[in-house]
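These are my notes on the charged side chains and one buried position, set out as numbered points. Please read them with the coordinates open.

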Amino acid sequence: MIQLKTLPVSPDKQLRNIGWDWMLGTDTVPYLTNEVVTVSEADVEAYHEAAAELFEMYVAAAQHVIDRDRFSELGIPANLVELIRQSWDDDRQIHLYGRFDLAMTDRGVKLIEFNADTATCLPETAVVQYAHLRANDLDESRQFNAVYETLVGQFRYLREQNPDLDPSLLLSTTRDIDGNGIPEDDANVALIAEAAREAGFDTAIAYIDTVDFSATEGIFRQDPFSGRFIRYDYWFKLVPWEVMAEDEPDLCALLTQAVRNRRTLVLNPAYTLLFQSKYILKVLWELYPNHPLLLRTETRPFADVPSVEKVIFGREGANVRILEPGGQVRQAADGEYGDYPKVYQQYVTFPTDAAGHTYQAGVFYAGEPCGLGFRRGGLILDNGAQFVGHMVG
C-alpha cells in the first residue's frame, strides 16, 4: 500500500514564476498533487540497485541484438542501422539520460520499460518535487533526487571524452500542429540546456524545423539578429529516432555521414533506439529468464496468466491493452501507434493508495541512477496521469 503525506503548501507560485503554468492543469485533473509518496530507505536502495543492474542488462541485450543482426525484430528502421552500429562502437558517444519505469511489487522491483531516447518528466523530478518540500519548510535532502547534478556530470564527462569537439550544443524539439511550442517539451529541453551550460557548454535552443543540416559540415542555426549561421558540434533532439527515420529519411542519411565524419555528436545516440524498442523486453527475458527484476515477455498473449499488450514504439500508455488469460480485453487505451508490432508482458499489479490509484515509479539514469518520482492514475497510466513527488523516511 502506498503511503502518502499531505503537503498543504503547493509550489504553484514558484512554477508560475518560472513560466511552468502548463503543470498546473487548471482545465483538467491537476497534474501535480498536494501529496508526496513516503518511501523507506530500503525502497530507495532497491530502486537504485534495480536501475543500475537493469542498465547493464540493457547494454548486454543491445550487444546481443547487434552481434546477431536482430534489428528488424526490434522494429529498427533499416536507414538507422548503420548509424546505430557506428554510435555503439564509439565509446565517446555516451547515453546522456533515460528513465526506467518500475513497479514495486510484493516480489520486489519489476521492470515495466525503459524510456531511453526522449524521456520527459525531468522538470517534475529534478525541480518541482524539490520545490514542493522547500515550500513546506521540509528538508529537501529527504529525497532520492540528484537528477540535475548528475546531468551536469554527464555533460562534463562528454567534454572529457570528446576533446576534439567544441563544447557547443544546439537543443531541438518540435512544435504542435498549430506551429507553437509544446510547453512540456520546451521545459525539459530548457533544463537540459541549463545543465549543459553549467558544465561549460555554449548552448542554444531551436525548433528542429529551423535547424540546418549538412553531411560534410554538421549542424547549424541561423542567428535571428545577425543573420549568420552558427555551427554546433553537439546536437540534442527531443525527437524520437524512429519518427525521424520514418518521416525524415534524408535527415537520417545526413546525420549518419555527419556523425561518421565527426562533424556532430547526437544526444541521445542512435543506439538508444535499441533500448527504446519494447521488443528488447523479450530479448532481456531470453537472456535472463526468470530474473527477479524482469517480467516474462513474449510475442503472443499468454494462455495462463494476464498480460499487457504493448506496441514496440508506443508512448504515454497509448495503444496499451490489459488482457486476461487467453486474450479477453480487461482494459484498453486508444492511441496513434497501433500499426507497430506488439509484445506481451506479464501483467503485474501496481501498488495503490487508499483511494485505489495506481503508482508507477520512474527512476532516472544518467550514467548512474539519480532520481525518483511517481506517476499516478488508473490501471493504464496514460497522458492523463498525475506526477507525485516523494519523501524518504
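1. The model under discussion is a predicted one, and I begin with a residue at one end of a charged pair. E217 is partly exposed, with a relative accessible area of 38%, and its side chain meets that of R263 in a salt bridge with an N to O distance of 3.7 Å. The pair links distant parts of the chain, since E217 sits in the loop between β7 (211-214) and β8 (218-222) while R263 sits in the loop between α8 and β11 (265-267), 46 residues apart. R263 is likewise partly exposed, its relative accessible area being 24%. With a salt bridge defined by a nitrogen-to-oxygen cut-off of within 4 Å, the 3.7 Å of this pair satisfies the rule.

2. By this rule the count comes to 22 salt bridges, and one of them joins the side chains of R260 and E82 at 2.4 Å, N to O. R260 lies in helix α8 and E82 in helix α3 (residues 81-88), so the pair ties together parts that are 178 residues apart in sequence. R260 is partly exposed, with a relative accessible area of 44%, and E82, at 44% relative accessibility, also counts as partly exposed.

3. A salt bridge in another setting is that between the side chains of D101 and R99, at 3.0 Å from N to O. Are these two residues, D101 and R99, buried or exposed? Both are buried, which means that each has under 20% relative accessible area.

4. Salt bridges also combine into a network, in which R70, E73, K282 and E286 are linked.

5. On the surface, E41, E45, E49, E53 and E56 gather in a patch of negative charge. Among them, E49 is found in helix α2, which spans residues 41-67, and E49 is partly exposed, with a relative accessible area of 46%. Because membership of a patch calls for over 30% relative accessible area and no salt bridge, the 46% of E49 meets the accessibility part of that requirement.

6. Finally, L251 is found in helix α8 (residues 249-260), the helix that also holds R260. L251 is buried, with a relative accessible area of 9%. Which residues does L251 touch, not counting those up to four places away in sequence? The contacts are with I208, F213 and M244. By contrast, L251 and D137 are 114 residues apart in sequence and lie 49 Å apart in space, C-alpha to C-alpha.

Technical notes: Residues numbered from 1 in each chain as written. Predicted model: local features only at pLDDT ≥ 70, side-chain atom pairs only at ≥ 80, totals over all residues. Heavy atoms only, no water. Patch = residues over 30% accessible without salt bridge, like charges linked within 9 Å, V, L, I, M, F, W, Y side chains within 5 Å. Areas by Shrake-Rupley, 256 points an atom, 1.4 Å probe, with all protein chains shown as cover. Lys, Arg positive; Asp, Glu negative; His and termini not counted. Charge placed at Lys NZ, Arg CZ, Asp CG, Glu CD. Helix = DSSP H or I, 4+ residues; strand = E, 2+ residues; numbered from the N terminus. Buried < 20%, exposed > 50% of the residue type's maximum accessible area, 1.4 Å probe, protein only. Contact = heavy atoms within 4.5 Å.
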